[in-house]
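Biologist: Please show me how to read helix packing, enclosed space and unusual backbone geometry, beginning with a single pair of helices.

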Amino acid sequence: MEETFVPLRGIKNDLKGRLLCYKQDWTGGFHAGIRILAPTTYIFFASAIPVISFGEQLERDTNGSLTAVQTLASTALCGIIHSIIGGQPLLILGVAEPTVIMYTFMFKFAKDRKDLGQELFLAWTGWVCVWTALLLFLLAVLGACSIINRFTRVAGELFGMLIAMLFMQQAIRGVVEEFGIPQRENPNQTAFLPSWRFGNGMFALVLSFALLLTALRSRKARSWRYGAGWLRGFIADYGVPLMVLVWTAVSYIPANDVPKGIPRRLFSPNPWSHGAYSNWTVIKDMLNVPPLYIVGAFIPATMIAVLYYFDHSVASQLSQQKEFNLKKPSSYHYDLLLLGFLTILCGLIGIPPSNGVIPQSPMHTKSLATLKHQLLRNKLVSTARKSISKNSNLGQLYRSMQDAYHEMQTPLVYQTPPGLGLKELKESTIQLASSTGYIDAPVDETVFDVDKDIDDLLPVEVKEQRLSNLLQALMVGGCVAAMPLLKKIPTAVLWGYFAFMAIESLPGNQFWERILLLFTAPSRRYKVLEKYHATFVETVPFKTIATFTLFQTAYLLLCFGITWIPIAGVLFPLLIMLLVPVRQYFLPKFFKAAHLQDLDAAEYEEAPAIAYNMSFDQDQDPHARATCIDSGEMLDEIITRSRGEIRHMHSPKMTSLTPHSQTEMRPAYSPRLSHRPNSPRLRELKGIEIKQTPSPRPSPLGQNTRSSSSN
């Protein structure tokens with residue numbers, strides 16, 4: 001994104017770029033067919049369930065001034081408008097936890113004022129939204145989003161961790177409250193006797209953890225060993241909402257044996273109930289707010305504008321990470337301008353505003369990347385099978401898949417970066433094809449496994465379109481009318497889903513991975529290198545990693561702790577914004593520039609796994625050897641659990657019919673390993689000898705075929 005502070009230039013550039021793609025945003029969604037429903041359903045539940053829970057939280061904290069009806073209406077209204085005329089359709093809008101915190105602080109302030117009170121609370125928040133919108137307009141026009149690139153990984157991942165902590169806090173608080181008596185209920189009811197309260201709490205624990213565990217497992221269904229491929233795919237796509245329905249049904253099993261109210265279920269008035277729609281006419285009360293409070297509304301509006309500016313921009317940034325390889329341009333300035341209009345609209349009708357949300361926005365992009373992968377994979381599998389049936393050699397097979405890949409790409413008027421194309425074939429596949437001594441010989445699935453090897457060729461791409469965003473927003477709007485059905489969901493299931501949302505947002509967050517590294521035993525740190533890992537693990541000394549992580553953790557706890565302070569908690573957005581100068585001016589004084597570059601990289605870069613031969617240096621302390629590799633641990637790796645048989649490690653491609661001796665087999669090494677032969681971090685792994693070989697040469701496919709044909 002170009003850094004420009006010329007008024008209106010950023011908005012103009014955003015509109016120019018996105019208008020060129022607008023038609024393709026819609027046609028791409030419709031061309032996906034029924035498969036678009038998988039990411040739509042997934043992100044619908046990711047949006048609706050937290051918004052419903054936030055509505056119940058606001059209902060308690062605002063004495064019924066705001067409920068789930070208002071939070072759902074805001075999410076649906078803003079989502080529909082943004083999906084149609086917004087700039088970045090991958091961005092998901094919704095009522096977020098920081099908004100709930102801000103509205104709670106404002107209600108506590110207003111209810112104790114005689115000339116304001118609960119009666120004029122929504123009218124006063126209307127003025128807060130007006131001031132907030134004006135500040136957002138000013139930021140968008142002046143090109144404030146140009147400094148979005150200065151929101152480095154430190155700020156983005158810390159804010160993501162803060163949101164995850166708020167989600168987990170709400171889950172834990174909700175489960176603990178299951179053992180108590182709700183404020184709005186009659187404490188003399190049978191369900192609130194101590195024994196029944198304990199039973200309700202324990203049942204809530206079962207439902208919460210059951211949903212959490214089954215939802216996490218269902219997301220990985222595609223890697224399961226059992227079941228047909230279509231069944232595993234269905235569970236992976238729709239397993240999370242299915243688990244919500246399953247455990248809601250389970251909650252009704254003891255219905256005849258327990259008092260009414262066990263387990264506790266979602267509480268919210270129906271949209272047609274008396275008083276539920278009074279907020280829609282709040283605009284007529286705004287002139288009744290005393291002038292002093294109209295002017296004073298500028299103070300909380302400043303905090304909310306800073307929060308929305310950061311939250312909206314970071315959510316958009318995370319949904320457009322470089323590793324997603326998006327082809328269409330960003331739209332930070334125009335989306336911030338549109339957010340100002342949406343904020344003032346929500347304030348005038350008495351509902352809390354919606355903004356870009358984390359982790360739903362990057363989750364939306366990831367689900368669309370899965371959709372694009374499925375569409376490309378199906379096309380390439382059918383093409384590869386047809387090519388194999390025609391006795392094609394490996395080069396012809398690869399070129400036919402390349403042609404099929406390019407047919408699936410939509411030609412864009414505005415495209416950045418340029419098309420990636422298929423990855424190179426694996427070196428092991430080329431070795432198998434040439435094992436007969438003639439690389440142009442016809443190949444079969446013993447050489448190129450269609451079901452497995454195609455996944456290694458496909459780059460990460462995203463199905464960029466508007467349809468899934470529009471459909472999920474419409475489904476959220478449908479929840480307003482379906483409130484009687486939603487009230488049958490146990491609150492314990494919602495707490496489990498909150499925990500799922502928090503845990504689901506952690507993978508890929510380097511801040512979280514560094515925290516885990518701090519708790520890794522020194523004798524086990526080499527195991528991190530045996531898997532795909534972030535490059536800083538090899539290039540930055542462990543002491544520096546620990547110091548940087550402890551600083552980030554302390555700052556995170558400071559941001560989290562200030563949200564607990566009454567009134568002063570409204571200042572927590574300023575701490576997030578303060579990270580920009582802290583990163584730019586403070587941290588370079590304590591960390592080397594090269595180390596900061598790796599720890600705060602602009603993109604998530606991984607290094608491949610490193611193979612170890614498990615031999616030890618001769619000068620190593622013999623006592624240290626025993627702590628590195630335990631014999632029981634080695635047996636666990638090579639002996640089967642059920643029958644105690646020794647696992648025989650061999651290449652799945654090699655059979656007794658393969659004319660290839662074991663001495664001729666070459667081990668496959670990472671092509672990137674040779675680029676870091678002198679990594680200082682690798683030297684710290686005492687006692688482990690690292691095998692490194694030169695990088696394999698690029699694939700010769702295409703050249704061999706042409707040279708052989710010319711001969």
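Modeller: Begin with the side chains: Val154, Ala155, Leu158, Phe159 and Leu162 in H6 meet Phe572, Ile576, Leu579 and Arg583 in H23, where contact means heavy atoms within 4.5 Å. Helices (H or I, at least four residues) and strands (E, at least two) are DSSP runs counted from the N terminus. The residues of this contact between H6 and H23 comprise eight nonpolar, no polar and one charged, with Ala, Val, Leu, Ile, Met, Phe, Trp, Tyr, Cys and Pro counted as nonpolar, Asp, Glu, Lys and Arg as charged, and the others, Gly among them, as polar.
The model is predicted, and residues are numbered from 1 along each chain as its sequence is written. Local features need pLDDT of at least 70 and side-chain atom pairs count only at 80 or more, whereas totals for chains, interfaces and linings use all residues, and side-chain values use heavy atoms, without hydrogens or water.

Biologist: At what angle do H6 and H23 pack?

Modeller: Two packed helices are described by the angle between their axes and the distance between the axes. H6 and H23 (residues 572–586) pack at about 155 degrees with their axes 9 Å apart, so H6 is roughly antiparallel to H23. Axes are lines fitted to C-alpha atoms, for helices over the stretch in contact, and angles run from 0 to 180 degrees between N-to-C directions; under 35 counts as roughly parallel, over 145 as roughly antiparallel, 65 to 115 as roughly perpendicular and the rest as oblique. The crossing of H6 and H23 is right-handed, the near helix being turned clockwise from the far one by less than a right angle (anticlockwise would be left-handed).

Biologist: How do the axes of H12 and H13 cross?

Modeller: H12 (residues 360–389) and H13 (residues 394–407) have axes that come within 9 Å and cross at roughly 145 degrees, and their crossing is right-handed. Among the residues that meet are Leu376, Leu380 and Ile388 in H12, and Leu397, Met401 and Tyr405 in H13. The contact of H12 with H13 divides into eight nonpolar, four polar and two charged residues.

Biologist: How many cavities are found in the whole structure?

Modeller: A cavity is a set of points on a 1 Å grid over the protein atoms alone where a 1.4 Å probe fits but cannot get out, while a pocket is an open set with protein on both sides within 12 Å along at least five of seven lines, and lining residues have an atom within 4 Å of a point. The search finds three cavities of 30 Å³ or more, and the largest has a volume of about 100 Å³, which is the space filled by probe spheres set on grid points joined across faces, edges and corners. Of its 16 lining residues, those closest to the centre are Phe54, Val95, Ala96, Val357 and Gln360. H2 gives the most to this lining, with four residues.

Biologist: Which backbone features are unusual?

Modeller: Most residues other than glycine have a negative phi, and most peptide bonds are trans. Here a cis peptide bond, with omega about -10 degrees, joins Ile262 and Pro263, and Pro263 lies in the loop between H8 (229–250) and H9 (291–296). Leu8 has a positive phi, near 70 degrees, and is found in the segment before H1 (9–31).
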